[in-house]
Amino acid sequence: MAEVWTFCEETDGGPSTLGLELLSKARQLGSATVLYAGSGSPQAWQTLGEHGAARVFHFDPGDMLAAAPVAAATATLAAEHAPHLILFGQAYTDRDVAGRLAARMGLPVLSNAVDVTLDRSGAVGSRHEISGGSEIAEAVFSSPGPHLVIVRPKSFPAEPVAGPPPQVITLDLPEVGESNAVVTERHVRQRKGPDLEEAAVIISGGRGLGAAEHYSLVEGVAAPLDAATGATRAIVDAGWVPYAKQVGQTGKTVKPDVYIACGISGAMQHLVGMKDAKTIIAINKDPDAPIFTIADLGIVGDVHKVMPRLIEELSSG
């Protein structure tokens, strides 16, 4: 059975959702080992076991930025254990660790994958959405392993399988010289409403809102639905809303049950991040807007007229 490793960064005291998504895929491909960066806890190990982890290599970076020391430690472990495949998520620390590990081990790394395959011969392949998701490119590693793949969020469901607790091996992180950066202060952005990446319903606004003050229409629709609020890159770049709300290729990838796009034309950059929503509803005054090509329900109309009526109906219900 192939040995498949996944990287998982601790978030809010437990495994990140992205890490659990990768773990769900890893257990389908072989024996799953988790490279866990964080303080760790019995609850964290239980969660990893429930999602299929057989073994956990635990690194606690403390106040250090994790990427450099974790990459160095992983290179040593990989040379000793020779895993067939190592999966990373398309997140900041994951990509940093993957890049440093690739440089240390002289290996290629494939990024932005939406699926990973492993055939009977041991060949590792990956599938990648290109041209805004309109086409699929397939790649196969021809070099020796371990094979490094960076996977887009929401590519796999984080499904528990009620597995037993994993073997946990806690390891010290090595000194990496000038690359040992220390975090001196942390700031947590206050969030209103559900987390954007986990929300079942998302209301997003684009440049069609007209001005920053009209983003209140998005918040007005979201409030009675207990929905998260999102945005296009255009209005983030314009300073109307913070980057944390950006959905798209250079923002967050979301997969809610319902996605309502308000005043969003449908640029490829945005569609990549939300096109896999179960139901897409678009409100735009331009009947030829690209967003309507993927929408399940389209409302051709001015958001400044449609959204107030929608808020009124939702609030009265």
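Strand S6, residues 109–118, pairs with strand S7 in the antiparallel sense. Five bridges hold the pairing. This is a predicted model, and the hairpin of S6 and S7 is a good place to enter it. Five residues lie between the two strands of that hairpin. One of them needs a special backbone angle: glycine 122 takes a positive phi near 95°. Across the pairing, aspartate 115 has arginine 127 in S7 as its bridge partner.

Stay with S7. The strand covers residues 124–130. Five of its seven residues are buried, so S7 is mostly covered. On from S6, look for S7's link to strand S8, residues 135–140. Six bridges join S7 and S8, and the two run antiparallel. Glutamate 129 stands opposite isoleucine 136 in S8.

Now go back to the start of the chain. Strand S1 spans residues 3–11. Seven of its nine residues are buried. Which strands does S1 pair with in the parallel sense? One is strand S3, residues 31–37, over seven bridges. Here glutamate 9 has alanine 37 in S3 as its bridge partner. Another is strand S5, residues 85–89, joined to S1 by three bridges. In that pairing, valine 4 is matched with leucine 85.

S1 also has an antiparallel partner, strand S2, residues 14–15. Two bridges connect S1 and S2. Glutamate 10 stands opposite proline 15 in S2. The two strands form a hairpin with two residues between them. In its turn, aspartate 12 has a positive phi of about 55°.

Aromatic rings come next. The model has three aromatic pairs. One of them joins tryptophan 5 and phenylalanine 57, with 5.5 Å from centre to centre and 70° between the planes. That geometry is edge-to-face. The pair links distant parts of the chain: tryptophan 5 sits in S1, phenylalanine 57 sits in strand S4 (residues 55–59), and 52 residues separate them. Are these two residues buried or exposed? Tryptophan 5 counts as buried because its relative accessibility is 0%. Phenylalanine 57 is at 2%, so phenylalanine 57 counts as buried too. Another pair is formed by tyrosine 36 and tryptophan 45. Their ring centres are 5.2 Å apart and their planes meet at 75°, so this pair is edge-to-face. Tyrosine 36 and tryptophan 45 are both buried.

Move further along the chain to helix H5, residues 216–225. Its buried residues include Leu217, Val218 and Gly220, and also Val221 and Ala222. What covers them? The cover includes strand S11 (201–205), strand S12 (228–231) and helix H8 (303–316). Just after H5, aspartate 226 takes a positive phi of about 55°.

Next comes a loop. Alanine 238 lies between helix H6 (233–237) and strand S13. With a relative accessibility of 40%, alanine 238 counts as partly exposed, because that value falls between the 20% and 50% limits. Compare its place with glutamate 10 from the S1–S2 pairing. The two are 228 residues apart in sequence, and their C-alpha atoms are 32 Å apart in space.

After the loop comes S13, residues 258–262. Five bridges join S13 to strand S14, and the two run parallel. Valine 258 stands opposite threonine 279 in S14. Between the strands comes helix H7, residues 268–274; S13, H7 and S14 make a right-handed β-α-β unit. S14 itself spans residues 279–284 and is mostly covered, with five of its six residues buried. S14 is also joined to strand S15, residues 297–300, by four bridges in a parallel arrangement. There, isoleucine 283 has isoleucine 299 as its bridge partner.

Finally, step back to the whole chain. The protein chain has eight helices and 15 strands. Its C-alpha atoms fill a box of roughly 65 × 45 × 40 Å along the principal axes. For 317 residues, a compact globule would have a radius of gyration near 20 Å; the chain has 21 Å, so the two agree. Buried residues make up 46% of the chain. Among contacts between residues at least 6 apart in sequence, 63% join residues at least 24 apart. The accessible surface comes to about 15,200 Å², and 50% of it belongs to carbon and sulfur atoms.

Notes:
Residues numbered from 1 in each chain as written. Predicted model: local features only at pLDDT ≥ 70, side-chain atom pairs only at ≥ 80, totals over all residues. Heavy atoms only, no water. Buried < 20%, exposed > 50% of the residue type's maximum accessible area, 1.4 Å probe, protein only. Pairing = 2+ DSSP bridges. Phe/Tyr/Trp six-rings, centres within 6.5 Å; stacked < 30°, edge-to-face > 60°. Rg over C-alpha atoms; globule rule 2.2 N^0.38 Å. Contact = heavy atoms within 4.5 Å. Areas by Shrake-Rupley, 256 points an atom, 1.4 Å probe, with all protein chains shown as cover. Right-handed = clockwise from strand over helix to strand, strands pointing away.
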